[in-house]
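Trainee: I'm new to this one. Could you take a close look at a single part of it with me and talk me through what is there?

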Amino acid sequence: MEMAASTIQSPRGIKKPSETMESDLSRLGNNLVTKLHVLMKISQIYDSKNVALHQFIQESLQTINALIKKEGGLSLKIVKNDLFLNEHRLRYSVEGFTSFKYLLTQWKKRLIGEVVFKEPMDETTLREFVYALMSLEEGREENASVFTEHLANLSILSIEVNPLEVFEGEEEGMTLHKEDHREVAKKVFFETIGTIEEVITHIKGKQHADVRKLKRLAQKAVHLVMEDESILLGMTTIKNYDEYTFNHSVNVSIYSLAMGRRLGFSRKTLTELGIAALLHDIGKSKIPKETLNKPTSFDEGEWGLMKKHPLLGVEILLNLIQLGEINPRIVIGIFDHHLRRDFAGYPKLFRKKEVSLFGRIIQIADSYDAMTTPKNYKRTPYTPEQALAI
Ligand SMILES: [Fe+2]
Ligand SMILES: [Fe+2]
């Protein structure tokens, strides 16, 4: 590998292209990724000598060789979750997304981080390259050198392969596959339910509640939602009726995080939103169980008490605030979570105020979860579609 790098000129260091050239490059880059995607897929189905591939390989060669000639060489490199084409980050098109995902996943699995094509290729070279790549053992550290050696044995010296660079804090996410994600998600889900239960018990017993633990779990949930929100969202269909409040809190937090992610919140803001959502009904811990679990409708006095839970929540939070994990945004979100834009909700205010964004998000998540969960005093819950429509 070292020898190859020193004998052949690096394709990099080309002058910065104009904007039109850049969009041209991006178009060709997208085309290249799509072609490689199909080739990698094909290699899993047909053997390398199959004649049926001839046409497609020829088409792919046109794209690849056009790029190699245009740029004087071609480097395709993974940096974290992005693909770089000769130092330019490739922006993928909507149609290109699947191909990007596939290429990234397959290369990462095999710990291949960069491929440099130094000269235009012929059909045999491209075939050998794709088949050798896909037959690499997943997760083997030496893959890049094994690959290079294999190509050298076939006297292919125009392709350089480099190992995947691992960036700080990325190791964990890299080796996780879908199934592992599901396991982690399940663990975080139930761990969070347990921790909320703990926090509530401690608050009732006037003990020190461990908000830091809750924050750590919220961070894990944020990480999971960023990776693949569908897995965590799937958890919300686990309905445990006996422990409605705990389950409900975690569900509201997952829905809120999914919304916050779509709104482009930073990880820090998402974590705060997650904590606010986890604790949104914490005020209910001050309401007697008999009232909370009453199977029939509330009388006026009971309703009055129920409507106090946002304020009771704020009171509890203010006692926890010195721990440093709680900030005003979290407190306000909890205060606002039943407050309507037309002030029809509660608590009743003396002066008009904007409902905070956290409050509005939690409110939507809260209503959705309540509507889709069967409760003893309601016959059938709404379907997710009905609830969304409302
Ligand atoms: Fe509430
Ligand atoms: Fe709630």
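Mentor: Let's start with H248, which counts as buried because its relative accessible area is 3%, under the 20% cut-off. Keep in mind that this is a predicted model. H248 sits in helix α10 (residues 244-262) and gives its NE2 atom to the iron ion (ligand 2). The other donors to that iron ion are H280 (NE2), D281 (OD) and D366 (OD), and the distances run from 2.1 to 2.3 Å. Along the chain, the donor residues follow the spacing H-x31-H-D-x84-D. H248 and D281 link distant parts of the chain: they are 33 residues apart, with D281 in the loop between α11 (267-278) and α12 (289-292). The angles among the 4 donor atoms go from 71 to 168 degrees, so the arrangement around ligand 2 is irregular.

Now stay with D281, since it has a second job here. D281 is buried too, at 3% relative accessibility, and it bridges the iron ion (ligand 2) and the iron ion (ligand 1), which lie 3.4 Å apart. Over at ligand 1, D281 (OD) is joined by H309 (NE2), H337 (NE2) and H338 (NE2), at 2.1 to 2.2 Å. This site is irregular as well, with angles of 83 to 172 degrees among its 4 donor atoms. Its donor residues are spaced D-x27-H-x27-H-H in sequence. Here H309 and H338 also tie distant parts of the chain together: H309 is in helix α14 (residues 309-320), while H338 is in the loop between α15 (328-336) and α16 (357-372), 29 residues apart. Both H309 and H338 are buried.

Methods:
Residues are numbered from 1 along each chain as its sequence is written. Chains are lettered from A and ligands numbered from 1 in the order in which they are written. This is a predicted model: local features need pLDDT of at least 70, side-chain atom pairs count only at pLDDT 80 or more; totals for chains, interfaces and linings use all residues. Side-chain values use heavy atoms; hydrogens and water are left out. Donors are N, O and S atoms within 2.8 Å of the metal (3.2 Å for Na, K and Ca); water is not among the atoms, so sites may look incomplete. Four donors count as tetrahedral if all angles lie between 85 and 135 degrees; four count as square planar and six as octahedral if opposite donors are over 155 degrees apart and all others between 65 and 115; anything else is irregular. Helices (H or I, at least four residues) and strands (E, at least two) are DSSP runs, numbered from the N terminus. Buried means under 20% relative accessible area, exposed over 50%, partly exposed in between (1.4 Å probe, protein chains only).
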